[in-house]
Amino acid sequence: MRLLRLFPLLVTLSTLSFASAPAGIPRELARERAALISDLQYRLQFTLVPHASSTSGHAEISFQLKSATAPLPIDYREGSASKLEINGSAVPVVSENGHIILPQDKLRAGENQLSIDFASPVAPAGKAITRFEDKDDGKEYIYTLFVPMDASMAFPCFDQPDLKGRFTLEVTAPASWTVISNTQSQGAGSASFGQPLDFVFAETKPISTYLFAFAAGPFKKVNDTSGLPGVWVRSSQYQRAIAEAPELQEITARGMKFLEQYFAQPFPFPKYDLVLIPGFAYGGMEHAGATFLREESVLFRTAPTHSDLIGRDLLTLHELTHQWFGDFTTMRWFDDLWLKEGFAQYMAYRALSELKPDEHVWQRFYLAIKPAAYAIDSTLGTTPIYQNIDNLQNAKSAYGAIVYSKAPGLLRQLAFILGDEHFRDGLRIYLREHEYGNATWEDLVGAFERASGRSLDEWASAWIKRRGMPQVDVSWSCSAGKLRNFKLSQHNVLNEGGVWPIAMQVLLSYNDAPPARLKVEMTRATADVPQADGRPCPSFVFANDNDYAYGRFLLDRESRRSVENHLGSIEDLFERSLLWGSLWDSVREAQLAPWDYLSLVRHFVPAENDESLSQSLVSHTVTALHRYVHPQTRAEFVPSFETIAADRMQHAQEQGLRIVWFRAYRALAETVGGRERLQDLLDGKLQVPGVQLRSLDRWRMVTALIALNDAHANEIFAAERQRDHTGDGLKYAYVAEAASPDAATKKKYFDDYLHNAMRPEDWVEQSLGAFNYWNESELTLPYLRPALEELPQIKRERKIFFVLGWLGAFIDGQQSAEADNEVHQWLNTATIDSDLRLKVLEFLDDLDRAVKIKKTFP
């Protein structure tokens, strides 16, 4: 029956009508190929030539075929293929819509051998094989990035996650280069002076095509210490990396030891390298045995706070966790993307809580992870964690806050429900039963059920398959000093119905006594809490103490009044962070006036000494000033916040806190005096004690002065360009100029974004915020609709997160009702796929909120 269902599709693929062949990799094709093909092996050879726009290669592919009763498509696009041989017979190359059709009469049941030559594109942006030219020393680097289905842009393959193969790689490259791949190099062949070398790599374990990778160029290995993960960096950054690599290696080695013990599973690959890639599209990519990290995430371009250093630890641990969750055991299809991303995110924090127990890890988790999850789940653009991906060409849409923020938040809740040991044991079962294989969310939930002896049907149905989240409200009263009528209720924030099973810890706080904490499980729309009745009347109540639950938790009116009066006296950092977060949620729900929130921050923040919480408060303050209040209100608050920031960046006790307030000052300053102080910082007349400002710190101040149309901005920009001739400096100058408040510059940049294929993607991505600077919304409004019209092309040609950055810049750069109407009108008439429509709705939500908040609080 599988062959009968597959046959019409394969017949269509084998016709000469290009339009009739399905684009991408449809789910049904992938399912049928997975049922037919096994024992895949790839022997790949690439020849890398400096400055070339393509790489030539050769592939030998062997596989077992259950039966050969129809043509078989193998995936390859955007390159050229020749000299195809199947089982020793020469066959013409027939390509259709990203597939090469293997004719049925040349295939056979059992083992098949395929041989093919190919030439694949290499470019600075938009291709699976990327070329980077180091502007500092003129050297060239080449690296691959295949997730989710771009391996087939580099070589012919069965490009789906559940057709794992063993890869053997040979790369011919200049003798001065080094090549890093998934396995250890077996050495490079000898060559005459100046002639290329052949770099040969051992066969991999079974891995998915998107996890195969190589990087090539004059990389140098930093701190080559036996027993520690290798760290590779481009030559021009070697000296900078020497100081950073030991700490990176140390946290990785400790993390590896912890995860091996936690999962009861040794590290699953023969070696582990970390390769620092300049301008990399993501923070990191977990290729099996060779993680690629964005260089800027390790070698900071700004003066780093302590939180930045912790963030680097978490990035490293996230990618390391993927070696088990994602590489060793891989989701069968990208609709279960959360199986790798959610777990990597959660386990990074779980590991760090053990490795650095004094770092308030779960408070950091709340501040860094939960806001993005709650924000998207409050919008009509949200999706379930399990996302229906009908074709791998749409898999990019699965990436975002749902898998990176909501999924780890739910895993924290599940660990609270099951208990740490049952949660850990479930993970061990899951990994043990799917080693070097593929799995689905049902497999994971089944493992948790077996480990805990508890049914999770209702939990999984609600949290994995349904979109949105609950809002949990508390009602209570007091009589004769005793708590009475304590009730919880929940409703769907999207008004789409349904009830979520929720486990939470309820806090009863007292001014003159220790708090009481009650564990409550809620499975209906309302729940009485009998263990609360009769207790002393609390000062305030908060229903998500310690952030175990997932949902919106607003303070009731009496509790909010008490919290607003006592925020300064709440000593528990985690509790204080959660309460500030709930107040901000009240602002976003138009239940608390933004100027009341700003007044609270202005009153309490000078005494706040936690770096992470201070950063959160600063971020919300900037958002409120730039998006949620009218200009006259902003003008009333900005001078006082400039004063606070100027004082704190000079006098805060901890260096990291001084950096937080320097960044706050740069973001907030707009008065004449504020801009003069930015110039003093650039000129060295004013300094942040103990802090050496770095290149990006300086360029961001220049960008702000340009955007604010400061009278001296042009000469400051010219002076900084003269001062900074580095490759980074060239990029940051491009970013800064995008903020110029004139129509000609905006037109030049928008044209460059759309038509300059040679512009590196990270240059464009980093400049989008400057182009759409908060005070230039009238100037950029004419580009809002054109930016929306370009979405299909951007989704098709750019890397995974670029669409999110594009929408975030062009929609978040607006605050007016006019812009809000423009987007709604465009959505009503636009012909776009459902994935892009959801993404637009996601970002439109905050513009809707900005308009609503200003209308509610004029």
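Buried means under 20% relative accessible area and exposed means over 50%, with partly exposed in between (1.4 Å probe, protein chains only). Keep that handy for the exercises below.

The model is predicted, so local features need pLDDT of at least 70 and side-chain atom pairs count only at pLDDT 80 or more, while totals for chains, interfaces and linings use all residues. Residues are numbered from 1 along each chain as its sequence is written, and side-chain values use heavy atoms, leaving out hydrogens and water.

**Exercise 1. Track down the disulfide and say what it ties together.**

Step 1: Look for a pair of cysteine sulfur atoms within 2.5 Å, which is what counts as a disulfide here. The structure holds one: Cys-478 is joined to Cys-537, with S to S at 1.8 Å.

Step 2: Place both ends. Cys-478 sits in strand S23 (residues 470-479), and Cys-537 is in the loop between strand S27 (526-528) and strand S28 (540-542), so the link ties together parts 59 residues apart in sequence. Helices (H or I, at least four residues) and strands (E, at least two) are DSSP runs, numbered from the N terminus.

Step 3: Check the handedness. The torsion about the S-S bond of Cys-478 and Cys-537 is about 90°, so this disulfide is right-handed.

Step 4: Apply the accessibility cut-offs. Cys-478, at 32% relative accessibility, is partly exposed, and Cys-537 gets that label too, at 28%. Cys-157, on the other hand, is buried at 0%.

**Exercise 2. Work out the strand order of the open three-stranded sheet and find the helix that packs on it.**

Step 1: Pair the strands, asking for at least two DSSP bridges between them. The order comes out as S3-S7-S6, with antiparallel pairing.

Step 2: Pick the edges. Strand S3 (72-75) and strand S6 (95-96) each pair on one side only.

Step 3: Zoom in on S3 and strand S7 (residues 99-102), which pair over four bridges in the antiparallel sense. Leu-72 stands opposite Leu-102 in S7.

Step 4: Add the helix. H2 (residues 27-36) packs on the sheet and touches S3 and S7, its direction making about 110° with that of S3. Contact means heavy atoms within 4.5 Å; axes are lines fitted to C-alpha atoms, for helices over the stretch in contact, and angles run from 0 to 180 degrees between N-to-C directions.

Step 5: See how covered H2 is. Seven of its 10 residues are buried, so H2 is largely enclosed by the rest of the structure. Among the buried ones are Arg-27, Glu-32 and Arg-33.

**Exercise 3. Describe the largest nonpolar core and the neighbours of Trp-806.**

Step 1: Collect buried Ala, Val, Leu, Ile, Met, Phe, Trp, Tyr and Cys residues joined through side-chain atoms within 4.5 Å; such a set is a nonpolar core. The largest has 303 residues, and those with the most contacts inside it are Phe-155, Trp-338, Phe-486, Met-504 and Trp-806.

Step 2: Ask which element gives the largest share: helix H8 (residues 401-418) does, with 12 residues.

Step 3: Leaving out residues up to four places away in sequence, Trp-806 touches Phe-750, Tyr-753, Leu-754, Leu-768, Ala-787, Leu-791 and Ile-794.

**Exercise 4. Find the backbone oddities at Pro-148 and Ala-590.**

Step 1: Val-147 and Pro-148 are joined by a cis peptide bond, omega about 0°. Pro-148 is in the loop between strand S10 (140-144) and strand S11 (165-173).

Step 2: Ala-590 has a positive phi of about 60° although it is not a glycine. Ala-590 is in the loop between helix H13 (573-588) and helix H14 (594-604), and is buried at 15% relative accessible area.
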